[in-house]
Amino acid sequence: MKIAMIGTGYVGLVSGVCFSDFGHEVVCVDKDPRKIDMLNRGEVPIYEPGLEDLLAKNVAAGRLTFTLDLAQAVADADAVFIAVGTPTRRGDGHADLTYVMAAAEEIAQAAKDYVVIVTKSTVPVGTNRQVQQVVAKANPGLDFDVASNPEFLREGAAIDDFMKPDRVVVGVQSDRAAEVMSDIYRPLYLRDFPIVITDLESAEMIKYAANAFLATKITFINEIAALCEKVGADIKQVSKGMGMDNRIGNKFLHAGPGYGGSCFPKDTRALARMGQDHAVPMQITETVIKVNDETKRRMVDKLLDMCDGSFNGKTITILGVTFKPNTDDMRDAPSLTIIPSLVGGGARVHVVDPQGRHEGEALLPGVTWNDDPYDAARNADLLVILTEWNEFRALDLTRLAGSMAKARLADLRNIYTAQDARRAGFEAYDSIGRKQLG
Ligand code: NAD
């Protein structure tokens, strides 16, 4: 199979590399010359564990190339995947389809023979039919099908998720397109990973429903955690006891500072918008968005309490700014709400993140970047764990407490316990949904 992948972001690049590893001939296209230059030098523009090696292997095998030239990549492709961004449109919460439609038009102009145009980007229900119209209008003689193939990979575990998916969802409206898609995913199908074939609209809806459901689960446990703090229950025990019920499951039941990232915030907003457009308000999703915003603000109140009611003149050290570990992605990260409140309140903020600095420097003005948690925490009044990178899971708490001006720890990912903190000499410890110390 010859595949063109339009967009070399987190989804496009991982999908392109993995498809080439399946044995397909893949050309990855981006319009950002910096990214294509890097890729052609064998460098990966994003941080994703394992991606650089897999890319090198498939480039060396001659199955994977990178180009700025969309027309050339599309000309003899059997399938063209659109994996461009669909951020929130300014002002109304709708998914911005500008990049998808621009790509569809370019593909239409370049395609010659029968081709399946596959939308991998997360797009509102009805978008694939719109793509179909745009292509038909731009190139009336073209023999083509559209297909919806939403992606479920998680940044930080993207290759494994792509290679061992819970399921692959493919929305089509012709047997011919279903056959091409089945050929592309055959290596997974042969290893018993299920492929769910649906109509276009259902495939588009599955992605939003799945993401909104996961965001709901996280937000639910965060809300229960807030109540645990008031009534003296321990959210870790509560999550464990709930999660052992197979009907509930233990995933996405970890209380934290609120969800962020490139998908949940924008996809919940887009689903809410879709509901409003069709006069079927997505009330649960709308509430989830509101509660998640409040959760992030609640974190600021928590930190304020630990700073005796004022950030002014305090030195605060933050461990982790990316929205989760093992990624450099900062999009909608809780740190972008929390840290500006500290800086705005007059705190001196020191930040450590294994991969976040590159993106974070522009997004978090007024902070000092450090490489080492121990250097960053020296003489600080408060230490905050915001992202649970492995690097922060086995810190020498005694050393940290001993070097701080005020030994106070806000563990917003619940990776330590009040007992750990007390033993290490911390005078105050607070986490999410558990008893405080001090
Ligand atoms: P991204 O912003 O990292 O990458 C998009 C890329 O597309 C950019 O490199 C951009 O330069 C390129 N691009 C835009 N228009 C182009 C064009 N006309 N021709 C060539 N290149 C073009 O985005 P992402 O995080 O990879 O997300 C892509 C889509 O996948 C979104 O719809 C997102 O919701 C969805 N998704 C993302 C994830 C994730 O974890 N990031 C997971 C599942 C689904």
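**Talking through the ligand shell and two listed sites**

Modeller: In this predicted model, the shell around the ligand is made up of 12 nonpolar, nine polar and seven charged residues.

Biologist: Which residues are the closest to the ligand?

Modeller: Gly7, Gly9, Val11, Ser121 and Thr122 are the closest of the 28 residues that surround the ligand. A residue joins that group if its C-beta atom lies within 6 Å of the ligand.

Biologist: And which helix supplies the largest share of the shell?

Modeller: That is H5, with four residues. Helix H1 (10-21) and H5 each give at least two.

Biologist: Which residues does UniProt list for "binding site"?

Modeller: The unreviewed entry lists Asp30, Lys35, Thr86, Thr122, Glu155, Lys266 and Arg331. These are spread over 302 residues of sequence and, in space, up to 24.0 Å between C-alpha atoms.

Biologist: Let's take Lys35, in helix H2 (residues 33-40). Why is Lys35 called buried?

Modeller: Lys35 has 22 C-beta neighbours inside 10 Å, and the cut-off for buried is 20 or more, so Lys35 counts as buried. Leaving aside neighbours within four places in sequence, Lys35 is in contact with Thr8, Asp30 and Pro45.

Biologist: What makes Thr86 count as buried?

Modeller: The reasoning runs along similar lines. Thr86 has 24 C-beta neighbours inside 10 Å; buried takes 20 or more, therefore Thr86 counts as buried.

Biologist: Where does Thr86 lie, and which residues does Thr86 touch?

Modeller: Thr86 lies in the loop between strand E4 (79-82) and helix H5 (98-110). Not counting residues up to four places away in sequence, Thr86 touches Ala95, Asp96, Leu97, Val100, Ser121, Thr122 and Val123.

Note on methods
Residues are numbered from 1 along each chain as its sequence is written. This is a predicted model: local features need pLDDT of at least 70, side-chain atom pairs count only at pLDDT 80 or more; totals for chains, interfaces and linings use all residues. UniProt positions are given in the numbering used here, feature names are shortened, and annotations may be inferred rather than shown by experiment. A residue is buried if 20 or more other C-beta atoms lie within 10 Å of its own, exposed if 12 or fewer, and partly exposed in between; C-beta atoms are placed from the backbone. Two residues are in contact if their C-beta atoms, placed from the backbone, lie within 7 Å. Ala, Val, Leu, Ile, Met, Phe, Trp, Tyr, Cys and Pro count as nonpolar, Asp, Glu, Lys and Arg as charged, and the others, Gly among them, as polar.
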